[in-house]
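User: Please take me through the terms used for this model. For each label, I would like to see the value set against its definition before any conclusion is drawn.

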Amino acid sequence: MPQSYSTLHVTVADGVAEIVLDNPPVNVISATLMKDLTSVLGELRDDSSVKVIVFSSANPEFFLAHVDMHILDDEDLFNELVAATPRGVNVFQAVGELLRNQPQPIIAKLAGKARGGGAEFVAAADMVFAATETAGLGQIESLMGIVPAGGGTQYLLERVGRNRALEIVLTGDLYDATTAAAYGWVNRAVPAAELDEFVARVARNIAGLADNVALRAKEILAPARPLEGYEREEIAWASLIADPTALALMGRALEHGAQTPEGEADLEQLMRSVTR
């Protein structure tokens, strides 16, 4: 059984590892959450009893809001994560690489919103099932004066194609589950009342396969490792985040309630208001 974590709740039963993301108030991706994810996936990697991993959220409104705008406040932990980052990716891209290279298939059960780094996390999962009435996905970064830098541009190219990837990145809009499914961003939209049982059934079916079938299938259908794309993403992001405009936008966003439940409810509108 995996150890306990401050931002995750982990249970393992009948071949299914369920990981519940829990970083109040809105499930931002903090340095602590990133460290916990690295640790738990490392623990599960060699656990032969685990056939499939399901991620969900303790917060029905927010799966993962986005990367914590205060992430550098814990400088020592952040630097520890950077030092452990594999060659060829940045610290945020390394989160997606964890999911994509985990031996077990990974399912994201998306009941609430996932923006920015949260949307990148969802796109890095092997399968995504989203609640029709309540789920939302958005790459919010352009409204903050930057671009995605956690692998999101590359995942979008793979999932939805270049034209829709440009639309998603440049509009900063929040996309509902039905549209996301039509684009290929998620596997399918499922009525919210049926989402838990639907995902549980998929996970049970995978866990019930003969030994090693799920692991071999993920090996065969291995994701690309677009190192050149990751490098382009990092260079573009680094040039924009160094501009005082981006820092000012994020600062004003925090002043107006970003990272609070009220502000995150319609973060796109909040960001557009602070740019005026």
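The questions below go through burial, strand pairing and helix packing in turn.

User: What kind of model is this, and which residues count in it?

Analyst: The model is predicted; local features need pLDDT of at least 70 and side-chain atom pairs count only at pLDDT 80 or more, whereas totals for chains, interfaces and linings use all residues. Residues are numbered from 1 along each chain as its sequence is written, and side-chain values use heavy atoms, with hydrogens and water left out.

User: Why is Ala 210 counted as exposed?

Analyst: Buried means under 20% relative accessible area and exposed means over 50%, with partly exposed in between (1.4 Å probe, protein chains only). Ala 210 has 55% relative accessibility and therefore counts as exposed. Ala 210 is found in the loop between helix H8 (192-207) and helix H9 (213-220), where helices (H or I, at least four residues) and strands (E, at least two) are DSSP runs, numbered from the N terminus. From Met 127, Ala 210 is 83 residues away in sequence and 20 Å away in space, C-alpha to C-alpha.

User: What makes helix H3 largely enclosed by the rest of the structure?

Analyst: Seven of the nine residues of H3 are buried, so the helix counts as largely enclosed. Those residues are Gln 93, Ala 94, Val 95, Gly 96, Glu 97, Leu 99 and Arg 100.

User: How do you know what the buried residues of helix H5 pack against?

Analyst: The test is contact, which means heavy atoms within 4.5 Å. The buried residues of H5 (residues 152-160) are Gly 152, Gln 154, Tyr 155, Leu 156, Arg 159 and Val 160, and they pack against helix H3 (93-101), helix H4 (117-124), strand S7 (127-131), helix H6 (162-171), helix H7 (177-183) and helix H10 (227-241). Just after H5, Gly 161 takes a positive phi of about 90 degrees.

User: How do you know which strands pair with strand S1 and with strand S5?

Analyst: Two strands pair if DSSP finds at least two bridges between them. S1 and strand S2 (residues 16-21) have six bridges in the antiparallel sense, with His 9 opposite Val 20 in S2. S1 and S2 also form a hairpin with two residues between them, and Asp 14 in the turn has a positive phi of about 55 degrees. S5 pairs in the parallel sense with strand S3 (residues 52-57) over three bridges, where Phe 55 is partnered with Ala 108 and Val 54 with Ile 107. S5 likewise pairs in the parallel sense with S7 over four bridges, and Leu 110 stands opposite Ala 130 in S7.

User: What makes strand S5 mostly covered?

Analyst: Five of the five residues of S5 (residues 106-110) are buried. Ile 106, Ala 108 and Leu 110 point one way and Ile 107 and Lys 109 the other way, a pattern to set beside the rule for strands. In a regular strand the side chains alternate between the two faces of the sheet.

User: In what order do the six strands of the open sheet run, and which kind of pairing do they have?

Analyst: The order is S1-S2-S3-S5-S7-S10, with mixed pairing. Strand S1 (8-13) and strand S10 (188-190) each have a single partner strand and therefore stand at the edges, one side of each being left without a neighbour in the sheet. Neighbouring strands of this sheet are turned by 20 degrees against each other on average, direction ignored.

User: At what angle do the axes of helix H11 and helix H13 cross, and what sense of crossing is it, left-handed or right-handed?

Analyst: Axes are lines fitted to C-alpha atoms, for helices over the stretch in contact, with angles running from 0 to 180 degrees between N-to-C directions. The axes of H11 (residues 244-255) and H13 (residues 267-274) come within 9 Å and cross at roughly 120 degrees. That makes H11 oblique to H13, given that angles under 35 degrees count as roughly parallel, over 145 as roughly antiparallel, 65 to 115 as roughly perpendicular and the rest as oblique. The crossing is right-handed, a label used if the near helix is turned clockwise from the far one by less than a right angle, anticlockwise being left-handed. Leu 249, Arg 252 and Ala 253 in H11 meet Leu 270, Met 271 and Val 274 in H13.
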